[in-house]
Every structure is written in structure tokens, then in C-alpha cells.
Amino acid sequence: MTNPLANRIALVTGASRGIGFATARALAKAGAHIVAVARTQGGLEELDDEIRKDGGSATLVPLNLTDSDGIARLGAGLHERYGKLDILVGNAGVLGPCSPVGHIELKAFTDVMAVNVSANFQLIRCMEPLLKQSDAGRAVFITSGAANKATAYVSPYAASKAALETLARAWAQETANTPLRVNLFNPGPIRTRMRATLMPGEDPATLDTAEQVAEFIVPMCAPDWTETGKFYDYKTRALMSFRSPA
């Protein structure tokens, strides 16, 4: 059994449940050491148990990603301990209020932007030097179809994902001539807590699982992945380029 990610360090945000949990576990199975970041200590400990059962290893980092100084300290700690970062999976996200735009309070809007956009901006700032120390740094950010559909009644979430996509694409262009590859991944409707909150009447058995999705994220984190600035759509199993509106 090969371990294509052996000796690689992977930071996964939102790792205590859902897609983050499944992706962290899948990356660990492929040989990576996981730096698992989430607010929930209990969820991180459950992840650690599963990774250890699989023969892998993890470092648990209980951290609220709105703590920008905490992200900076994490970057410094990774530099001191490993001197590099090979993989960054920006998965953590919040849905926010499901209401008409005019009914949403300013704080509720800014809270969504803080987690879904600003935290990823700070991760880029603090982790880019470490990713550039890797021979093949890879970054994958989890987005949503809501970003380009401008889905009604979830405007903060949709706007935040659109902003995240633009941020990641700009970073991909800035690093195109380096070994670093930056891409986006759209899982679509998946059996997660966030989906259940958004669509409470939906039968979860009709949806794919986070574990199924994670199997498609892992290859995007591997050294032999060469694309950058692209968008992988899980539903259609297609890697797409962004195009300006006609």
C-alpha cells in the first residue's frame, strides 16, 4: 500500500466534522501528518482517534478562525516545528442567516464574512511563506455553487463564497510561476450538518457523504497535481476554468 503524501504536512480547517473531518482523515490515510484546526475540542479528539486507528498522526489545534492573531501564532508554530507546510485545505465555513437581504443584521453579515473570507485571507498571509518552502505546496478552498448562482435568502453565504473564489483565483495568478498550486472545490449538496440546516425537509440518504467527497480532494493536494486557479465541480466530476460572463 503506497502513501503518496508521506512526510507531508497538511493543515485542514473546520476539521472537527463534515467535509473537513473526512478530508483530514483521507489525507492522513494517504500518509500526511494532519494539523487539524477547529473550534470544537471534542470533534478534534474524535478525529484524532480515527486517524490513529488508521495508523496516521495529527496535531490538534483548537482555534476560532476569527482570531487572526491565533492564525499568525499557528503559522509561527508550524515554521518553528516543521519549517514548511505542504497542504492547506481551507474548509471552515458558516452558513449564516437564511433571510431576505433587507432583514439581515449587519453583525450577522460581518460574522459570516469573518469566517468565510477574512479568516482565509489571514491563512493565506500566514501560510504562504510556509507553502513556498514546500517542494510542491498545494492549497484547496471549499466553495459553493451559491457563489455564482447568487442564491436567494442566503446572501451573506453566497457573497462570502464569491469573495473567497476571487481571493483564491487572484492568489493563484500571483503564484502561477512558483511550485504552489491554488484551486477551489465545490462539493455541491452533501450530507452535512450545514446542508441539513439549509434544507431540513431533505432526505439525507439521497446525498453523497463527506467521505465520498474527500476522495476527490486528496488528489488536488498531491505533488503531481499541476493545475492552478481552477474549480473542481464534484457533482459533474469536472475540473473547470473560470470564464468572464458573455
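Student: How many aromatic pairs does a search of the whole structure find?

Tutor: It finds 6 of them. Rings of Phe, Tyr and Trp (its six-membered ring) pair if their centres lie within 6.5 Å; planes under 30 degrees apart count as stacked, over 60 as edge-to-face and the rest as tilted. Before we go on: this is a predicted model, where local features need pLDDT of at least 70 and side-chain atom pairs count only at pLDDT 80 or more, while totals for chains, interfaces and linings use all residues. Residues are numbered from 1 along each chain as its sequence is written, and side-chain values use heavy atoms, leaving out hydrogens and water.

Student: Why is the pair of Phe185 and Tyr232 called stacked?

Tutor: Their centres are 5.5 Å apart, with 10 degrees between the planes. Set that against the limits of 6.5 Å and 30 degrees, and the pair is stacked.

Student: What does this pair tie together?

Tutor: Phe185 lies in strand β6 (residues 181-186) and Tyr232 in strand β7 (residues 231-233), so the pair ties together parts that are 47 residues apart in sequence. Helices (H or I, at least four residues) and strands (E, at least two) are DSSP runs, numbered from the N terminus.

Student: Are Phe185 and Tyr232 buried or exposed?

Tutor: Buried means under 20% relative accessible area, exposed over 50%, partly exposed in between (1.4 Å probe, protein chains only). Phe185 has 0%, so Phe185 is buried, and Tyr232, at 10%, counts as buried too.

Student: What makes Phe231 and Phe242 edge-to-face?

Tutor: There are 85 degrees between their planes, and the centres are 5.5 Å apart. Over 60 degrees is what the name asks for, so it fits. Phe231 is buried at 8%, whereas Phe242, at 26%, is partly exposed.

Student: Where does Arg237 lie relative to Phe216 and Tyr234?

Tutor: Over the face of each ring: 4.9 Å from the ring centre of Phe216 and 3.9 Å from that of Tyr234. A charge sits over a ring if NZ of Lys or CZ of Arg is within 6 Å of the ring centre and within 35 degrees of the ring normal. Ring pairs also link Phe216 and Tyr234 with Phe185 and Tyr232 into a cluster.

Student: How do you know that the length of helix α3 agrees with the expected span?

Tutor: The expected span is 1.5 Å times one less than the number of residues. Helix α3 (residues 68-81) has 14 residues, so it should span 20 Å, and its end C-alpha atoms are 20 Å apart.

Student: Why do we say the buried residues of α3 line one face?

Tutor: Those residues are Gly70, Ile71, Leu74, Gly75 and Leu78. Seen down the axis, they fall within an arc of 145 degrees, so they line one face of the helix; the arc is that of the directions from the helix axis to the C-beta atoms. The face turned away from them carries the exposed residues Asp69, Arg73, His79 and Glu80.

Student: What makes the link between Gln122 and Arg125 a polar contact?

Tutor: Their side chains are joined at 2.8 Å. A polar contact is a pair of N or O atoms within 3.5 Å; within protein, one must be able to donate a hydrogen and the other to accept it, and residues adjacent in sequence count only if both atoms are side-chain atoms. A polar side-chain atom of Gln122 also lies 3.0 Å from the backbone oxygen of Ser68. Gln122 itself lies in helix α4 and, at 10%, counts as buried.
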